[in-house]
Structure formats: structure tokens, C-alpha cells
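Trainee: Got a minute to go through this one with me? I'd like to start from the side chains and work outwards.

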Amino acid sequence: MMNEHTMFRPPAEVNSLIIRVADGCPWNKCTFCGMYKNVKYRPFSFDEIKRSVANAAKYNSGIRRIFLADGDVMSLSFDKLSEILKLLNSTFQKLSRVNIYANGNSILK
Ligand code: SF4
């Protein structure tokens, strides 16, 4: 079950559908960032994400942009990110862009 806490997204994602794939941030140590300081990190299972996507698709089938939350989604494994992107691509026929927050260390890995 997802925790209830404030969700953040970049201003440029104002028109994007936000789909959470985790609670919090796995790094949570950036001194300038308090977004998820009080949130225990937990990546969601693929089944949880599939349920969220199916539910979101009922009301947003024509969406073109998606933002995956919460923090540093790039820290997920390549296989999991790939599965999520394939699921989004097959669910939302007009999807043209998926964006995430990414920590520099996760990008380098
Ligand atoms: S990686 Fe992003 S979400 Fe995590 S603590 Fe740093 S700025 Fe905040």
C-alpha cells in the first residue's frame, strides 16, 4: 500500500500524468532537498505499478506525457525500468515522453 505524503514534480511536468513507482528517495541525503526527508524509501513491486497504471489509464488514456515519482527513479534496475516503460508504451497509445528525477550517481551507474 502506498504511503500518503506530498508528491513532487518539476514545474515543466504540470501537464503530465504522475505515476508513483516508489515511496520516497533511496538516496535522501542531498543537503538542499527536504522533499522526502520523512518518507521511508520503498520501491513498489511491478504488480503494484501495474495496478496503478491500469487505474490511471481508465481516466487518462490519451495522455502524452508521464512523470514517474518519487525521487531518483533512475536508481531502479535497468530491467525494472525497462518493464515499466514497456508497460506504459503498451498502455498509453499517444505517449511521447516519460520523465523522472535522477540522482547523478544513479545516472553514472
Ligand atoms: S536525489 Fe533528488 S529526491 Fe533524493 S535527496 Fe537528492 S534531490 Fe532529493
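Mentor: Sure. One term to begin with: a polar contact is a pair of N or O atoms within 3.5 Å, where one must be able to donate a hydrogen and the other to accept it. Keep in mind that this is a predicted model.

Trainee: Okay, which side chain does Arg20 join in a polar contact of 2.9 Å?

Mentor: Start with where Arg20 sits: it lies in strand 1, residues 17-20. Arg20 has 11% relative accessibility, so it counts as buried, the cut-off being under 20%. Its side chain makes that 2.9 Å polar contact with His5.

Trainee: And which residue meets Arg20 in a salt bridge?

Mentor: The N to O distance there is 3.6 Å. The pair links distant parts of the chain, 50 residues apart, with the partner in the loop between strand 4 and helix 2. At 0% relative accessibility, that partner counts as buried. It's Asp70.

Trainee: How many residues apart in sequence are the parts that Glu13 and Arg97 tie together?

Mentor: Their closest N and O atoms are 2.4 Å apart, a salt bridge. Glu13 lies in the segment before strand 1 and Arg97 in strand 5, so the parts they tie together are separated in sequence by 84 residues.

Trainee: Last one: on helix 1, which residues are exposed on the other side from the buried ones?

Mentor: The buried residues are Glu48, Ile49, Ser52, Val53, Ala56 and Ala57. They cover an arc of only 165 degrees around the axis, which puts them on the same side of helix 1. Exposed on the other side are Arg51 and Lys58.

Technical notes
Residues numbered from 1 in each chain as written. Predicted model: local features only at pLDDT ≥ 70, side-chain atom pairs only at ≥ 80, totals over all residues. Heavy atoms only, no water. Helix = DSSP H or I, 4+ residues; strand = E, 2+ residues; numbered from the N terminus. Buried < 20%, exposed > 50% of the residue type's maximum accessible area, 1.4 Å probe, protein only. Arc of directions from axis to C-beta. Salt bridge = Lys/Arg side-chain N within 4 Å of Asp/Glu carboxyl O.
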